[in-house]
Amino acid sequence: MPFGSEIALTPGLSIFERWYIRIFGVPILGLRIRARTILPLLKKVGTPRRILDAGSGRGIMTMECAKKFPQSKVIGADLLKQQNEINNLIARQLNIDNVQFMTWNVLDLHPTERFDVVISSDTLEHLEDDLGGVRMLRDTLNPGGYLIVHVPHLTRNLFGWHRQNWMDIEGHVRPGYTRASLIELLEAGGMKVIQCIYNYNSLETLANDVSKLITGAKERNRAIYALFFPFLLLIAWVGKLYRPKNDGSGLVALAIRKD
């Protein structure tokens, strides 16, 4: 099944939308690119008992975690109650019984239970106090727990052309991080960085730039985007064949809680 095709079960979609998603998977290009580097890092965390996806959105990454770790309890946390209800409905229809979506503000997490793995994708750039945010995420972890963080790089790198990453995305308070500044931030927040790698190589960045040009990162021009998405997906798919060593437009880090 194509990645994210489970959202075809979302109530209210037209027949065309359902078949389109079943054929191509979730039509969110940035999510597809991020997942290709975030999900493989889960191979390095052992067998976690509890996983938190902090900022689960449509729940696609969360349900992928639940499928990878069927013996684990996976929580998707997001502020959008209606979306969480839809995600829970889809999970029940798919008989994924080890996942639950809960309405928590991921910018102010105070869960009563702790986790062995926490995933935070594109959250820190929204926080004025990003160090406080890292400390908050650390405090949700059990001793020896793992944090997987994705953030935009400070610059977008396109075939040697470097420019500041987007600041016009709603809620962004900074364009991104350098590899060194992200490692420094995580270490200051009580984490030990095991690995910090680049993603969004030039082909993936090109596809993502065109995607944003069409949608404005707000799901506008949906018909035009539906026409272009298969071609953008192909460009990004070719791009996945190599990982940028020092010039990607995104960063993903795996860190372990220091005690």
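**Figure 1. A look into the second largest pocket, at about 240 Å³.** The model shown here and in the other views is a predicted one. Helix 2 (29–38), helix 3 (60–68) and helix 8 (222–239) are the elements that each put two or more residues into the lining of this pocket. Helix 2 chips in the most, with 3 residues. The lining residues to look for are Phe 3, Arg 32, Ala 35, Arg 36, Leu 39, Pro 40, Lys 43, Glu 64, Lys 68, Leu 233, Trp 237 and Lys 240. Sort them by class and you get 6 nonpolar and 6 charged residues, with no polar ones.

**Figure 2. The one cavity of 30 Å³ or more that a search of the whole structure turns up.** The space inside this largest cavity comes to about 40 Å³. Around the cavity sit Ala 54, Val 106, Ser 120, Thr 123, Leu 124, Leu 127, Gly 133, Met 136 and Leu 137. Helix 5 (residues 130–139) gives the most to the lining, with 3 residues. In contrast to the pocket of the previous view, charged residues are missing here: the lining counts 6 nonpolar, 3 polar and no charged residues. Two of the lining residues, Ala 54 and Ser 120, also face each other across a strand pair, with Ser 120 belonging to strand 4. As a general reminder, rolling a probe the size of a water molecule over the atoms shows where empty space is left.

**Figure 3. Strand 4 (residues 115–121), with 7 of its 7 residues buried.** With that count, strand 4 is largely enclosed by the rest of the structure. Strand 1 (residues 50–54) runs parallel to strand 4 and is joined to it by 4 bridges. Within this pair, Ala 54 stands opposite Ser 120. Strand 5 (residues 141–152) also pairs with strand 4 in the parallel sense, this time over 6 bridges. Two positions are handy for following the pairing with strand 5: Phe 115 lies opposite Leu 141, and Ile 119 has Ile 148 as its bridge partner. The link between the two strands goes by way of helix 5, and together strand 4, helix 5 and strand 5 make a right-handed β-α-β unit. When tracing side chains along any regular strand, keep in mind that they alternate between the two faces of the sheet.

**Figure 4. Strand 5 and its antiparallel partner, strand 9 (residues 250–257).** Here 7 bridges hold the pairing together on paper, with the two strands running antiparallel. One spot to check is Leu 147, which stands opposite Ala 255 in strand 9. Strand 5 has a parallel neighbour too, namely strand 4. Of the 12 residues in strand 5, 10 are buried, so this strand is largely enclosed by the rest of the structure.

**Figure 5. The hairpin of strand 6 and strand 7, with 2 residues between the strands.** Strand 6 (residues 155–158) and strand 7 run antiparallel and share 4 bridges. Arg 156 is paired with another arginine, Arg 163 in strand 7. Which residue in the turn has a positive phi? That is Phe 159, at about 50°, although it is not a glycine. Most residues other than glycine have a negative phi. Phe 159 lies in the loop between strand 6 and strand 7, and its relative accessibility of 56% makes it count as exposed.

**Figure 6. Ala 217, another non-glycine residue with a positive phi, here about 60°.** You'll find Ala 217 in the loop that runs between helix 7 (202–215) and helix 8. Ala 217 is partly exposed, at a relative accessible area of 47%. That value misses the exposed class because the cut-off for exposed is over 50%.

**Figure 7. Asp 168, in the loop between strand 7 (161–164) and helix 6 (179–188).** Is Asp 168 buried or exposed? With a relative accessible area of 53%, Asp 168 is exposed. Its side chain still has company, in the form of a 2.9 Å polar contact with the side chain of Lys 212. For a sense of spacing, follow the chain from Asp 168 to Leu 182: the two are 14 residues apart in sequence, while their C-alpha atoms are 21 Å apart in space.

Terms used: Residues numbered from 1 in each chain as written. Predicted model: local features only at pLDDT ≥ 70, side-chain atom pairs only at ≥ 80, totals over all residues. Heavy atoms only, no water. Buried < 20%, exposed > 50% of the residue type's maximum accessible area, 1.4 Å probe, protein only. Pairing = 2+ DSSP bridges. Right-handed = clockwise from strand over helix to strand, strands pointing away. Polar contact = N/O pair within 3.5 Å; in protein donor to acceptor, adjacent residues only side chain to side chain. 1 Å grid on protein atoms, 1.4 Å probe; cavity = no way out; pocket = protein on both sides within 12 Å on 5 of 7 lines; lining within 4 Å. Points joined across faces, edges and corners; volume = space filled by probe spheres on them. Nonpolar A, V, L, I, M, F, W, Y, C, P; charged D, E, K, R; others polar.
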